[in-house]
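Here are a few short exercises to work through with the model open beside you. Try each task before you read its solution.

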Amino acid sequence: MNVSKFFVGAVFFLFTAQMSLVHAQSGNQILDGIGETGMIARYIFDGDAKDWSRNNLHARAYGEVDFKDDEQFKKVLSLPGDGKSYISIPGESVQNEESISIATWVNFQSKELGQLLFDFGKDDRTHFFVAPFGIKEQEGFQAQVILDGKSGYEVLSPDVEIETNQWVHLALVFDVPSKSISVFVNGQEAGKTENVEMELEDLFTHENLLYLGKPIVSGNPYLKAKIYDFRLYRIPLSEKQVSRIRYIALKGGDAVVRREKPEDNLPKFSSDVPQLYNEFLTGVSDVEVETELGYLPRLPRHVKGTYRDGVKGPEVRVLWPSPIDNSEVTKAGSYVVTGRVPGTDFKPKAKISVKAKQDVKTPDMKLEVFGLNQVRLDSDTDGQQTKFIENRDKFINTLAATNPDSFLYMFRNAFGQEQPEGAEPLGVWDSQETKLRGHATGHYLTAIAQAYASTGYDEELQANFANKMDYMVEVLYKLSQMSGKPTKVGGEHESDPTKVPHGPGKSTYDSDLSENGIRTDYWNWGKGFISAYPPDQFIMLENGASYGTQPTQVWAPYYTLHKILAGLMDIYEVSGNKKALEVAKGMGDWVYARLSLLPTDTLISMWNSYIAGEFGGMNEAMARLDRITDEPRYLKVAQLFDNIKMFFGDAEHSHGLAKNVDSFRGLHANQHIPQIMGALEIYRDSESPEYYRVAENFWYKAKHDYMYSIGGVAGARNPTNAECFIGQPATLYENGFSAGGQNETCATYNMLKLTKNLFLFDQRTELMDYYERGLYNHILASVAEDSPANTYHVPLRPGSVKRFGNADMTGFTCCNGTALESSTKLQNSIYFKNKDNSALYVNLFVPSTLEWTEKNIAIEQKTDFPKADNTQLIIKGEGKFDLNIRVPQWATKGFYVKVNGKEQKIKAEPGSYMTLNRKWNNGDVIDVQMPFQFHLDPVMDQQNIASLFYGPVLLVAQEPEPRNDWRKITLNAKNIGSTIEGNPKTLEFTIDGVVFKPFYETYGRHSVYMDVTLE
Ligand SMILES: [Zn+2]
């Protein structure tokens, strides 16, 4: 058997804290065992009609609605059945959802026929309802879907007898992929209708009537009942989940849910199902790996294999154990680790030699990016707009029409200032009572800075963004200058950030942001404070407040702050606006004053608190502020944000990512990726190698053990949270593919940022290969066809559909925020250069023009890529430099380069950069050809489930309707392209009559993964 040698220079440590990280993040997001992201809204009705979830879909009560004391649930909603009293839920709540589940407690006070528990629909001809006692035409418990005035589908449960004056738990699950509607009474299925050939779009638009207790069709009776805890979910709940919700409520509501394996509603495969090329395997190499004392070895994820029957399979994916500490490598010597190959009995071995401490250097930053104003996106060679330009223009044009006062609304509100005429608040996560308000403003600052830098092609647009930047900074500067200063000479004030008193008339800190509850005594907030809410959330976090919507809880105060400070620095860097920098410095000092007083233990527990302690890239922002200002105290602030547990294992730095221990399994992805970016930024300034190792090791693991084919890394079924990393590495099929979507788009935005920055230190092609994958197949694919509306999660289950939101930029989630940034800097990683301007890197093949002003050279790139497999670079000006061109890993059919028509004999291995070194002359032309071929990207632990690529482009099956099984396709093992027909110029192909298109041009139902058989 072959033995390949792998030498791992620098790697990692120990993880003794037995408290698993999955557990560390099992806060209240695992609501009754169901991930928070599955919930649309929850109305507890214990005194008001507010939405308890973070989505702010507050309901309204009409008529004589009352909240009454109750023996069972303390306080509940009471509907008198008087023909005028009911609850109305915001119509947009159900817009854009694939499936819907409803669960509630109800105590009927009358058995009158025709009463409806709820009635939801677009109008009186198209709606659906539950009639617990039946309707005039048909008695008995039932759910009905009325389409265009006629009965569409019904679930009849005539045997269900519901008594009055008794609490009963009712649920309805409209499962579109399974084509079924089910009802549940007291946790048990009481009726089900199958073959439901419709989608929720048939029932709902953007304005819907969603009533509790009121019939949409007039003339019917109103509900006479008590209601408690009415919940809307976007995922189809299982019977077990419904019964668990009921059970936990009966136990008092606070019971801790034992983490269980999720119910598998993904198709299961027996162990003998062939897993692609593994079926043809005849041998797998063992490997030898060296590591350093204390550092877990980096085991190669792919090793050499031998295949039978003339099949040329790829390198074999091996699944190795992933220890949670470094106890295996605390002594010099050697040991053996055994891996496995899915779908086979092969057990490859890794012999690991643990060597004494070596002095391995981490790399310096060698490359720099070009300014956004130095790279212009061009049309393709036919003069057609590319996807890059299309998406850029959707965002730039909509951004240009925004009103900055909307983005300043909550800042003025926090400081008790008048709103200027025409100022409208934003919605969603920036509305009055949302504890994250102001986050969109941060993204907005960055977006207008980038838009300003990128619109050199249009003076008017550029002036528009210049005005917006000035205006935003002016207002934020004025507000920040008011903090901690008296309103009149000798007036009351508190300038010390560590001595902020309680709000006026309050005996404690709280996060109440309601019109009547918010404190606006900015003179007491300490010098330099800026935010769209008062300082309380920052202080409450230090005191242990958890994430949630109650006034005693918080929502990621530092996350929001990071966006604002990053945006201010972006404006400073593109425009030189010193006030922007002053605001950032003032708040940096405010943060330093407070955090530097806290014990390390407090910081560790804060930064490991689920969502509450999410701080975006505060460490990155503060390291950057140190660099911009050359004031080292900001680097100290950055380090106060070290996620010590994830980075270093514990306060003694025993292990963690710095020693190659996977310390992020099961954690919230987007909470942690920006922290890694921060580690790299701190390394840049501090040159402390352990920070580099944190970033490098994290990236390698995220890419190889957590990545879906589109480049996204989040989406766990276990733990049940679509925004978390899977609970164990390299188990995407076992623990991933969460219900309701995966791949939070903001997490991929952050992965790309991290990847780009790592490449500036280490010019490993793998990094830019990943960048290309995520950029084309997730970021470009995340924008709607006709507007800048964009995705939150991008679902990859069979027959999924992308859901786009925020077309008019008035209501932002996290991902809507990062979308503003992504689409205003699409040109930023096409080219990099050496710091000393001696080399150029061509990373991406995008029609564009680079103005390399430092060298007085322009480079024009002409191409139809990826609708063509070639590109052309034209040099304008002259000078000597290395021209490095990426030879992608997927370019396995050759990589051909001509200079001025002359074929170059160069070594161009896939997965490398090839270098042309010469003195370049004006008009030199470099032609590159890199033939595409079809290839598969399998899920590591269930390889028959795979995505199809053509070159860099993910091709997805266009699905005519919802489905919950994987589409089956059969391909030729020796040449998978041999049965694929189509046109490379349009990138449209067919397999067995099914159309495959690029994911970035797919707007309907799709299957990104197929069940692939090779023969
Ligand atoms: Zn997001």
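**Exercise 1. Overall form**

Decide how the radius of gyration of this predicted chain compares with that of a compact globule.

Solution. Start with the length: for 1015 residues, a compact globule would have a radius of gyration near 31 Å. Next take the value for the chain, 29 Å, which agrees with that expectation. Then look at the extents: the C-alpha trace spans about 85 × 85 × 65 Å along its principal axes.

**Exercise 2. Inside and outside**

Work out what share of the residues is buried, and what supplies the exposed surface.

Solution. Taking buried as under 20% relative accessible area, 63% of the 1015 residues qualify. Now turn to the outside: the chain exposes about 37100 Å², and 45% of this comes from carbon and sulfur atoms. Finally, consider the contacts with a separation of 6 or more: 70% of them join residues 24 or more positions apart.

**Exercise 3. A helix pair**

Among the 19 helices and 52 strands of the chain, find H8 and H9 and describe how they pack.

Solution. First locate them: H8 covers residues 557-575 and H9 covers residues 578-595. Their axes come within 8 Å and cross at roughly 150 degrees, and the crossing is left-handed. Next list the partners: H8 brings Tyr558, Leu561, Leu565, Leu568, Met569, Ile571 and Tyr572, while H9 answers with Lys578, Ala580, Leu581, Val583, Ala584, Met587, Val591 and Leu595. Last, sort the residues of this contact by character: 14 are nonpolar, none is polar and 1 is charged.

Methods. Residues numbered from 1 in each chain as written. Predicted model: local features only at pLDDT ≥ 70, side-chain atom pairs only at ≥ 80, totals over all residues. Heavy atoms only, no water. Axes fitted to C-alpha atoms, helices over the stretch in contact; angles between N-to-C directions. Helix = DSSP H or I, 4+ residues; strand = E, 2+ residues; numbered from the N terminus. Left-handed = near helix turned anticlockwise from the far one by under 90°. Contact = heavy atoms within 4.5 Å. Nonpolar A, V, L, I, M, F, W, Y, C, P; charged D, E, K, R; others polar. Rg over C-alpha atoms; globule rule 2.2 N^0.38 Å. Buried < 20%, exposed > 50% of the residue type's maximum accessible area, 1.4 Å probe, protein only. Areas by Shrake-Rupley, 256 points an atom, 1.4 Å probe, with all protein chains shown as cover.
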